[in-house]
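Student: Please take a close look at one salt bridge in this structure, and set it among the other side-chain pairings. Which residues take part, and how exposed are they?

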Amino acid sequence: FLWGVFSPPGHLVVGGGRGAVFFSKTTTTPTAPPARRTPRRRSIPHFAIVHAKIRQDLAEVKSMKKLFALTLTLVLFCFSEWPAFAQDQTAQQPTAEEQEKQKAEREKNAYRLLDQVIDEAQSLRLTENRVRVQINAGDMLWDQNQGRARSLFSMAAEGVAELGRTQTQPADRREFQQGGGRPRGPQNMRFFQLRQELVLAAARHDSALAYQLLAATKPPPSVQNTVDQRGARPQFGSEENLEQMLLGRIAALDPKFAAQNAEQMIDKGQFPRTVPEVINQLRGQDSEAAEKLADKTVKRIQAANLLTNNEAAALAQALLTPGPRPPAGEGTAAKQPIQGRAPALEQSVYVDLLSSVIDAALKATPLAQPNQRNAANPRGRAVPGSVRSQPPTDAQIEQGNARRLLMGLQVALPFVDQYLPAKAASVRQKMSEMGMSTTSINLAQTFGLQGNPTADALLQAAAVAPPQMQARLYQQAAYKALDEGDTQRARQIATDHLSEKAREILMQRVDFREMAKKAESSRIEEVRQTLARMQTDNEKIDFLIQVANDSQKSNPKLAVQLLEEAKQMTSRRATSYQHFEQQLKVAHAFAALDPARSFEVLDPGINQLNELLSAAAVLSGFEINMFRDGEMSLQSGNGLTSTINRYGQELALLARSDFERSETLAGRFQFAEPRIMTRMAIVQGLLQVRPGGATRNVFGNVGESFVIRQD
């Protein structure tokens, strides 16, 4: 085959003289040699010609054989590697159709698993456990099966109402006592929490249904927490507090309906703190109606006594803090909210309200030195456990409210200077008398810290900020410089401005980041040296995970190697909740690189959690109170329940890549309660939803709406 393919043009001659064999360029069949001739004297001897020809042709054939062998090897290699390469490329960049199929498969698995959870929850004895499952299931089923979701919400409402009727004070006191101390919360806490979760979850989907559930679960008058006669803010669990939260939740869903309810509450003398959200949402549908609601709200606030009505004062500050709405076509302030709020008032209405608040705040007087730490705090409330814990007088309440209003004006000082310059000097003088800073705390607006501020913006803000705020701003600037990839600048900021402890933590992060950029051989050696200097396993594990995360994109092989080191350190049996957390950290870090190793880390922990749960059930009533009537609460604030929740979170993350294995691990919990908890977490992860009644985290990061808080 080779001879036929790579024959040179003409005839290929093998041998010489009479033994020469000729091959035609079109066939490989040998032919007889030509008849012998008598050579002439002047011609070259025949043997020499043939010999030279043979040497030339053999050299060409040898070269062609090498070329053919190389070509064949390359072709075979490409064909063997191409499927894996193509598969890898496809896995990294799935098409839109494939993504839709994956999403549909995840949803199918999620709803199937949710059906199992709902069925299993029917066997739970504790009303609160069944209700919590019904609330979350109804929330997640709404888009897929609205009729069934409504049914689940209705069943949850019946359970909440039953809990409100039967829950007794002594049981609640045991929950909130620690070492025989006073109860740390209102009576019937479980009832109030579940009622809030139910109403706010329904409000995500149907405002009318939410108000129906609010009415259906209204507690008896004997257990209601209501606002006191002095106009204090509504307590947790009070009807007013829940109505205000509900008002803010439905504002985005149905602004006009929310506006109607807001007006009714204002007419009854209430001042819902969520009115600014209602006004802004309503403006998108009906700007005229929004302005009418804003005018009415401000007039009611001005008619109230801001020094005795805390609700009115709080709403006034909520309306003033973001500033006025800019005139049409001027600026983009409305698109850059301060502290998460957009301006709700037009300039003229805003200035009116600002003037009223200033007049009330200027009535503040400094505290007398001997009484600064007495029963009344700066807000005019009695300090629990103090020697003089008698109720404050009306005068003390008014002074406390005046001081609070004055403190709130620190945020609005730029607006006071701009719109009411005649009163600006009096405000600053009063702040100085009271020992308050006259520098505006509204650094977010002054230096453009909204959204995702740069390290430069944070440094500029820190340079002029009040002393009590500078440390936090410099720390954020250092971490921002690190995020921007400027490790040298992060080091410099830490050296110049951070405390010793904060500087050590940041320097460690800088070292980790720089180490990840070095060559692999250098990194491995430095990792070993750094590990040898560390004292605790927790430090070593955090260090390995940090370097692995920084190396993940540039060198995944090194990242896996580092995480294997961390895995070996956590492979022994957990002896504390901290050790469980270390295992969960390693499993989480593996999830993006090698999910199979994440499962290997989590697997042994579930066996140990089963043992701990069995022991807790035996000890319940003696040493710990995790179980009531033989059943574990799904919402207990203890380390064991928190650890189970963390396992649910990690399994939910892994379920997106391997649903069957995640479901299998969740099913290995021997008790129904943790099994339900982890399966519900997997469903939420697959559907990418949060519980409807979950409390929103009010502490933002630098990457979110930038918030400056003064403690």
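Tutor: Arg 628 is a suitable place to begin: at 27% relative accessibility, Arg 628 counts as partly exposed. Here buried means under 20% relative accessible area, exposed over 50%, and partly exposed in between (1.4 Å probe, protein chains only). The model is predicted, with local features requiring pLDDT of at least 70 and side-chain atom pairs counting only at pLDDT 80 or more, while totals for chains, interfaces and linings use all residues. Residues are numbered from 1 along each chain as its sequence is written, and side-chain values use heavy atoms, leaving out hydrogens and water.

The side chain of Arg 628 meets that of Glu 128 in a salt bridge, at 2.1 Å from N to O. Glu 128 lies in helix H4 (residues 127-141) and Arg 628 in strand E4 (residues 627-628), so the pair ties together parts that are 500 residues apart in sequence. Glu 128 is buried, with a relative accessibility of 5%. A salt bridge is defined as a side-chain nitrogen of Lys or Arg within 4 Å of a carboxyl oxygen of Asp or Glu. Helices (H or I, at least four residues) and strands (E, at least two) are DSSP runs numbered from the N terminus. Side chains of opposite charge can pair when their charged atoms come close.

By this rule there are 29 salt bridges. One of them joins Arg 112 to Glu 663, with the closest N and O atoms 3.4 Å apart. This pair also links distant parts of the chain: Arg 112 is in helix H3 (residues 96-121) and Glu 663 in helix H28 (residues 659-666), 551 residues apart. Arg 112 is partly exposed at 36% relative accessibility, whereas Glu 663 is buried at 16%.

A pairing within one helix is that of Glu 288 and Lys 292, whose side chains meet in a salt bridge of 3.8 Å, N to O. Both residues lie in helix H12 (residues 287-303), 4 residues apart, about one turn of the helix, and both are exposed. In addition, a network of salt bridges links Glu 263, Asp 267, Lys 296 and Arg 300.

Glu 650, in helix H27 (residues 639-654), is an acidic residue with another kind of pairing: its side chain is joined to that of His 588 by a polar contact of 3.1 Å. A polar contact is a pair of N or O atoms within 3.5 Å; within protein, one must be able to donate a hydrogen and the other to accept it, and residues adjacent in sequence count only if both atoms are side-chain atoms. Glu 650 is buried, at 5% relative accessible area. Leaving aside neighbours within four places in sequence, Glu 650 is in contact (heavy atoms within 4.5 Å) with Leu 584, His 588 and Leu 602.

For the chain as a whole, buried residues make up 44% of the 711 residues, and the secondary structure comes to 29 helices and 5 strands. Of the contacts with a separation of 6 or more, 64% involve residues 24 or more positions apart. The Glu 128 and Arg 628 salt bridge, with its 500-residue separation, ties together parts of this chain in helix H4 and strand E4.
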